[in-house]
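Me: Please take a close look at a single part of this model, the pocket region, and place it in the context of the rest of the chain. I would like one connected account, beginning with a residue that can serve as a point of reference.

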Amino acid sequence: PKPTSNGDESLISNIDAETTTTSEDGSSSCSLYNLQEWMDDLNELSISTFGKSMRVALQPTKRIIGRDVYEMAFIYDADGTLVELLNWSGRLEQ
């Protein structure tokens, strides 16, 4: 679907409607496995390996940077340092 001019939310919802997008370099992103699901899997691995759940500073949110749409989240590492997680969701058509 083509993005509309109704603001960022419309642009992001158009990206969410795509199941798979392909970039110019041939890499693809599949919305079937998003950042939240990856974080859930990572948390399960952390619990089973270390007996501790992840500390999340910011739940995944969508951000538009240039023409690219990313999911962004922040978690704390074991020392309390913030770690930024980015997942490329797609590219907006201009």
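Reply: In this predicted model, Tyr33 has a relative accessible area of 40% and is therefore classed as partly exposed, because that class covers values between the 20% limit for buried residues and the 50% limit for exposed ones. Tyr33 belongs to the loop that runs between strand E2 (28-30) and H2, and, once its neighbours within four places in sequence are set aside, Tyr33 is in contact with Trp38, Asp41 and Asn87.

The helix that follows this loop leads to the pocket. The largest pocket holds about 290 Å³ of space, and the elements that contribute two or more residues to its lining are helix H2 (35-50) and strand E4 (68-76). Of these, H2 provides the largest share of the lining, namely four residues. The full lining consists of Leu42, Leu45, Ser46, Phe50, Lys52, Ser53, Met54, Arg55, Ile75, Tyr76, Asp77 and Ala78. Sorted by class, the residues around the largest pocket are seven nonpolar, two polar and three charged.

Two places in this lining deserve a closer reading. Ser46, which is one of the lining residues, is located in helix H2. Ser46 has a relative accessible area of 15% and so counts as buried, because the limit for that class is under 20%. If residues up to four places away in sequence are not counted, Ser46 touches Gly51, Lys52, Ser53 and Met54, and the lining of the largest pocket also includes Lys52, Ser53 and Met54. The second place concerns Arg55 and Tyr76, both of which are named in the lining: Arg55 lies over the face of Tyr76, at 4.2 Å from the ring centre. As for contacts between rings, the structure holds zero aromatic pairs.

The chain as a whole gives the setting for this region. The fold has two helices and five strands, which follow one another along the sequence in the pattern α-β-β-α-β-β-β. Of the 94 residues in the chain, 23% count as buried, and Ser46 is classed as buried, whereas Tyr33 is classed as partly exposed. Among contacts in the chain with a separation of 6 or more, 32% are between residues 24 or more positions apart.

Key. Residues are numbered from 1 along each chain as its sequence is written. This is a predicted model: local features need pLDDT of at least 70, side-chain atom pairs count only at pLDDT 80 or more; totals for chains, interfaces and linings use all residues. Side-chain values use heavy atoms; hydrogens and water are left out. On a 1 Å grid over the protein atoms alone, a cavity is a set of points where a 1.4 Å probe fits but cannot get out, and a pocket is an open set with protein on both sides within 12 Å along at least five of seven lines; lining residues have an atom within 4 Å of a point. Grid points are joined across faces, edges and corners, and a volume is the space filled by probe spheres set on the points. Ala, Val, Leu, Ile, Met, Phe, Trp, Tyr, Cys and Pro count as nonpolar, Asp, Glu, Lys and Arg as charged, and the others, Gly among them, as polar. Rings of Phe, Tyr and Trp (its six-membered ring) pair if their centres lie within 6.5 Å; planes under 30 degrees apart count as stacked, over 60 as edge-to-face and the rest as tilted. A charge sits over a ring if NZ of Lys or CZ of Arg is within 6 Å of the ring centre and within 35 degrees of the ring normal. Buried means under 20% relative accessible area, exposed over 50%, partly exposed in between (1.4 Å probe, protein chains only). Contact means heavy atoms within 4.5 Å.
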